[in-house]
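Please look through the sequence and the 3D structure shown here before reading the report below.

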Amino acid sequence: MIGKLKGTIEEIGDDYVLVDVHGVCYVAFCSARTLSRLGSVGEACVLFIETYVREDQLKLFGFMTALEREWFILLQSVQGVGAKVALAVLSTLPPSELANAIALQDRTAVARAQGVGPKVAVRIVTELKNKAPAFAGEASGTIGLKQELGEGVAAAPVADAVSALTNLGYSRDQAANAVAAAMKTAGEGADSAKLIRLGLKELAR
């Protein structure tokens, strides 16, 4: 089984890259996001590989990071999601945004991917709700906070702090990350003023 390719870009297609590894060329199917981050023909590249073996075919799927590859595998654990749909999702949402969408149960964000209808989007955010933190690239506490905010069950001081930081011009993700970090320092019983103050310190770093 091939786990990683390191070679020279021979050709880039609409959904694949041809990589020359010491004279042997491999076709790796990739998300649009991965293809856009590759260099030009003739340049070196490194891809993490997921190998699919079927009775009548062998396919390689390439990713810029091991985390993206893990998401590709995880997405296909959802009913109705195959390799093509998983790549479409990763073409639309990088791993961090996908994790946020699942934590916030934001099926609309997932449904932006080509070939993902409303029902599949609901299944993705629902079935991966408890699996996402391990693949999020974020602390589980941050994911948990975003989930609580999305469900409207976050403690009032926490929700107020996130709202205040958002009103100052920060994105919801930035605000949630900062407040989650502030909670680690101040403790869960901190009032909104303290969380805002500590959150601003986090954002200023």
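The report that follows begins with the whole chain and then turns to selected parts.

## The protein as a whole

The structure is a predicted model, and its secondary structure comes to 10 helices and five strands. Of the 205 residues of the protein, 40% count as buried. When contacts between residues at least 6 apart in sequence are considered, 52% of them join residues at least 24 apart.

## The largest pocket

The largest pocket has a volume of about 380 Å³, and 17 residues line it, with D15, C30, K84, L87 and A88 lying nearest its centre. These lining residues divide into eight nonpolar, five polar and four charged.

Strand β5 and helix α3, which covers residues 83–92, each supply at least two residues of the lining. The largest share, however, comes from α3, which contributes seven residues to the lining of the pocket.

## Two threonines

The residue T51 is placed in strand β4, which runs over residues 44–53. T51 has a relative accessible area of 11%, and because buried means under 20%, T51 counts as buried. A polar atom of the T51 side chain lies 3.0 Å from the backbone oxygen of I2, which falls within the 3.5 Å that a polar contact allows. Leaving aside residues up to four places away in sequence, T51 touches M1, I2, L58, K59 and L60.

The residue T65, by contrast, is placed in a loop, between β5 (58–63) and α2 (66–75). With a relative accessible area of 30%, T65 is partly exposed, because this value lies between the 20% limit for buried and the 50% limit for exposed. Although T65 and L47 are 18 residues apart along the chain, their C-alpha atoms are separated by 7.4 Å.

## Helix α9

Does the length of helix α9 agree or disagree with what its number of residues leads one to expect? Helix α9 has 15 residues, numbered 172–186, and at 1.5 Å a residue these should span 21 Å, because the expected span is 1.5 Å times one less than the number of residues. The end C-alpha atoms of α9 are 20 Å apart, which agrees with the expected value.

Several residues of α9 are buried, namely A175, A176, A178, V179, A180, A181 and A182. In general, an α-helix has 3.6 residues a turn, so residues three or four places apart point the same way. Following α9 comes G187, whose phi is positive, near 90 degrees.

Note on methods
Residues are numbered from 1 along each chain as its sequence is written. This is a predicted model: local features need pLDDT of at least 70, side-chain atom pairs count only at pLDDT 80 or more; totals for chains, interfaces and linings use all residues. Side-chain values use heavy atoms; hydrogens and water are left out. Helices (H or I, at least four residues) and strands (E, at least two) are DSSP runs, numbered from the N terminus. Buried means under 20% relative accessible area, exposed over 50%, partly exposed in between (1.4 Å probe, protein chains only). A polar contact is a pair of N or O atoms within 3.5 Å; within protein, one must be able to donate a hydrogen and the other to accept it, and residues adjacent in sequence count only if both atoms are side-chain atoms. Contact means heavy atoms within 4.5 Å. On a 1 Å grid over the protein atoms alone, a cavity is a set of points where a 1.4 Å probe fits but cannot get out, and a pocket is an open set with protein on both sides within 12 Å along at least five of seven lines; lining residues have an atom within 4 Å of a point. Grid points are joined across faces, edges and corners, and a volume is the space filled by probe spheres set on the points. Ala, Val, Leu, Ile, Met, Phe, Trp, Tyr, Cys and Pro count as nonpolar, Asp, Glu, Lys and Arg as charged, and the others, Gly among them, as polar.
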